Amino acid sequence: KGMKSRLAFSTTIFCVKNKNLDIVLLDEVLNSGGDINFQQKATLKMEEFIEKGAAIIMVSHDLSDIKKYCRKTILLDNGKIIDIGQTDKIIEKYIKL
C-alpha cells in the first residue's frame, strides 16, 4: 500500500509541475502508507499546491488533515451527500454519526 501511495502522489506532483493543473485530487494520500519521510514530503507538497492557488479535493478520514487543509467540507454516507459546509461544523456532524 505504501509504494502505491508513493507512486500515485509522485504522479500527481509530476502532473501539477508539468501541466499547471488548477485542481488536484488526493485520496487518503497524506497518511496512507509510507514512512515518516514520505508523509513529510507529501505534507510539504500539499502546502505548496495550496500556496500556488490550486483547488485541492482531498478524500480523507483523518480529521486533523481535514481541519488543517479544508475550508469547506462535504460529508458523505454510503456515497450520498449528507451535508456541505464549514469544516468545523461538518466534522462535528461526522463525529455524531
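Here are three short exercises on a predicted model, each with a worked solution.

**Exercise 1: the two faces of a strand**

Work out which side chains of strand 1 (residues 23-27) are buried, and what the other face contributes to the surface.

*Solution.*
- Step 1. Follow the side chains along strand 1: they alternate between two faces. Val24 and Leu26 point to one face and are buried, while Ile23, Leu25 and Asp27 point to the other and are not.
- Step 2. Check one residue with a number. Exposed means over 50% relative accessible area. Ile23 has 54%, so Ile23 is exposed.
- Step 3. Look at the neighbouring strand. Strand 1 runs parallel to strand 2 (residues 55-59), and five bridges join them. One of the partnerships is that of Asp27 with Val59.
- Step 4. Now find the surface patch. Ile23, Leu25, Ile57 and Val59 make a nonpolar patch of about 380 Å². Strand 1 and strand 2 are the elements that give two or more residues to this patch.

**Exercise 2: the two sides of a helix**

Find out how the buried residues of helix 2 (residues 36-51) are arranged around its axis.

*Solution.*
- Step 1. Start with the length. Helix 2 has 16 residues and spans 23 Å from first to last C-alpha, close to the expected 22 Å.
- Step 2. List the buried residues: Phe38, Ala42, Lys45, Met46 and Phe49.
- Step 3. Look down the axis of helix 2. The buried residues fall within an arc of 105°, so they line one face.
- Step 4. Recall a general rule: an α-helix has 3.6 residues a turn, so residues three or four places apart point the same way.
- Step 5. Turn to the face away from the buried side, where the exposed residues Ile36, Leu44 and Glu51 sit.
- Step 6. Step just past the end of helix 2, and you meet Gly53 with a positive phi of about 90°.

**Exercise 3: pairs of opposite charge**

How many salt bridges does the whole structure hold, and which residues form them?

*Solution.*
- Step 1. Begin with the idea that side chains of opposite charge can pair when their charged atoms come close.
- Step 2. The search of the whole structure finds three salt bridges.
- Step 3. Take Lys68 and Glu47, whose closest N and O atoms are 3.4 Å apart. Lys68 is in helix 3 and Glu47 in helix 2, so this pair ties together parts 21 residues apart in sequence.
- Step 4. Next come Glu48 and Lys52, at 3.3 Å between the closest N and O atoms. Glu48 is partly exposed at 27%, whereas Lys52 is exposed at 63%.
- Step 5. Finish with Asp83 and Lys93, at 2.9 Å. Asp83 belongs to strand 4 (residues 80-86) and Lys93 to helix 4 (residues 87-96).

Key:
Residues are numbered from 1 along each chain as its sequence is written. This is a predicted model: local features need pLDDT of at least 70, side-chain atom pairs count only at pLDDT 80 or more; totals for chains, interfaces and linings use all residues. Side-chain values use heavy atoms; hydrogens and water are left out. Buried means under 20% relative accessible area, exposed over 50%, partly exposed in between (1.4 Å probe, protein chains only). Helices (H or I, at least four residues) and strands (E, at least two) are DSSP runs, numbered from the N terminus. Two strands pair if DSSP finds at least two bridges between them. Patches are made of residues with over 30% relative accessible area and no salt bridge: like charges are joined within 9 Å, nonpolar side chains (Val, Leu, Ile, Met, Phe, Trp, Tyr) within 5 Å. Accessible areas come from the Shrake-Rupley method with a 1.4 Å probe; for residues, only the protein chains shown count as cover. A salt bridge is a side-chain nitrogen of Lys or Arg within 4 Å of a carboxyl oxygen of Asp or Glu. The expected span of a helix is 1.5 Å times one less than its number of residues. The arc is that of the directions from the helix axis to the C-beta atoms.
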